[in-house]
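Colleague: Hi! Could you walk me through this model before I head back to the bench?

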Amino acid sequence: RIKRMTDKCPICFEELHNDIGAMPCGHCVHKRCWKEITARLNEEETSSGDDSDNSPCPKCPICKRNAKSLTSIFLTFQKANNNNNSADQTSAAEQAVANLTTRNLHLQKRLRDLKSLSKDQSDLLFRILPLHEDLEEKFLRLQKEKKQLQHQLQHTLDEKQLLHNSKTNIYAQLSSLQKQKEDLEVKLQDSNDEIMDLHDIWNTLDVRLLRAKQKRREVKLELKRKLREEKEQRGKLILARDELFHSRMEKEQLEMQMRESRREALRLKK
């Protein structure tokens with residue numbers, strides 16, 4: 001049975017579009033990759049000098065089970081749209097179920113043929129029987145997955161209807177927002193006119209402020225000049241006061257000398 005797989009080979013990690021083979025475990029790889037692994041194992045056995053009858057068996061890179069044979073299959077991968085993804089998955093599951101049913105019938109026919117084989121080929125029969133049981137088990141699992149996919153499809157359709165309703169509401173909101181935008185643009189134009197007027201007033205006030213600052217600067221310079229002159233005048237007044245004080249002191253000393261002279265003269269007269 002072919003297991004659920006991705007669109008890339010687990011050996012070379014390239015996309016699986018053609019030259020595809022399914023291993024007994026159900027995983028798919030490129031046939032050329034499987035042949036390269038088998039050839040490499042044969043070369044290693046030859047170089048090691050192992051003469052045993054058991055030929056080297058490659059293993060699945062995913063589940064590590066033996067893969068002695070490879071069955072050619074033909075698959076087509078398509079990228080589904082987001083709206084039809086669940087429907088495509090359901091269709092793919094139905095196709096896989098049909099393919100597995102056909103293969104199951106073919107295996108049953110082979111089982112009937114193998115019953116008449118000789119005893120030497122009985123080991124091959126014991127290998128196929130577990131595969132048949134695994135196939136039936138996975139067939140039932142696929143039917144269950146089909147029901148789940150149908151349920152998911154219905155859920156997706158319901159979500160699509162909800163999204164359509166939401167889309168209608170969004171378009172209505174967009175229309176309302178467009179109208180509000182136009183109103184705001186008109187208000188913005190009026191605000192721009194007011195801003196231009198305020199800008200002119202601001203420029204006028206700015207010019208007046210510059211003139212006032214210049215005048216203030218001139219007044220400050222004039223005040224500094226007057227303070228300097230006043231300071232110089234105060235210095236001159238202090239000097240004049242000191243000179244006046246010295247003059248008074250000299251005058252008092254002269255008066256005292258004159259009084260002493262008069263006293264001396266009066267004393268000499270007596």
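Modeller: Happy to, and we can start with the ground rules and then go topic by topic. This is a predicted model, in which local features need pLDDT of at least 70 and side-chain atom pairs count only at pLDDT 80 or more, while totals for chains, interfaces and linings use all residues. Residues are numbered from 1 along each chain as its sequence is written, and side-chain values use heavy atoms, with hydrogens and water left out.

Colleague: Thanks! What does the secondary structure of the protein chain come to?

Modeller: There are three helices and three strands, where helices (H or I, at least four residues) and strands (E, at least two) are DSSP runs numbered from the N terminus. Along the sequence, they come in the pattern β-β-α-β-α-α.

Colleague: And what does the pLDDT average for the protein chain?

Modeller: The average is 79, and 76% of the residues score at least 70. pLDDT is the predictor's confidence in each residue, from 0 to 100.

Colleague: Which element has the lowest mean pLDDT, and which the highest?

Modeller: Helix H2 (residues 85-114) has the lowest mean, 66, and H3 has the highest, 87. Residues 77-83 stay under 50, and the model has eight contacts for them beyond four places in sequence; a contact means heavy atoms within 4.5 Å. Where pLDDT is low, the predicted coordinates should not be read in detail.

Colleague: Good to know. On to cysteines: how many disulfides does a search find?

Modeller: Zero in the whole structure, taking a disulfide as a pair of cysteine sulfur atoms within 2.5 Å.

Colleague: Why is there no bond at Cys9?

Modeller: Because the closest cysteine sulfur, in Cys12, is 3.9 Å from the sulfur of Cys9, which is too far for a bond.

Colleague: Is Cys9 buried or exposed?

Modeller: Cys9 is buried, at 1% relative accessible area. Buried means under 20%, exposed over 50%, and partly exposed in between, with a 1.4 Å probe and protein chains only. Cys60 is buried too, with a relative accessibility of 0%.

Colleague: How much of the protein chain do buried residues make up?

Modeller: They account for 15% of its 270 residues.

Colleague: What about His17, where is it found?

Modeller: His17 sits in the segment before strand E1 (20-22) and is partly exposed, with a relative accessible area of 46%. Its C-alpha atom is 9.1 Å from that of His30, 13 residues apart along the chain. Asn18 lies in that segment before E1 as well, and Asn18 is exposed at 52%. The C-alpha atoms of Asn18 and His30 are separated by 7.8 Å, with the two residues twelve apart along the chain.

Colleague: Any backbone oddities to look at?

Modeller: Two to look up. Most residues other than glycine have a negative phi. Phe13 has a positive phi, near 60°; Phe13 lies in the segment before E1 and counts as exposed at 61%. Lys64 has a positive phi of about 65°, is placed in the loop between helix H1 (31-48) and strand E3 (71-73), and is exposed at 56%.

Colleague: Last one: which residues form a nonpolar patch on the surface?

Modeller: Ile170, Tyr171, Leu174 and Leu177, with about 410 Å² of accessible area together. Tyr171 is part of helix H3 (residues 122-269). Patches take residues with over 30% relative accessible area and no salt bridge (a side-chain nitrogen of Lys or Arg within 4 Å of a carboxyl oxygen of Asp or Glu). Like charges are joined within 9 Å, and nonpolar side chains (Val, Leu, Ile, Met, Phe, Trp, Tyr) within 5 Å. The areas come from the Shrake-Rupley method with a 1.4 Å probe, and for residues only the protein chains shown count as cover.
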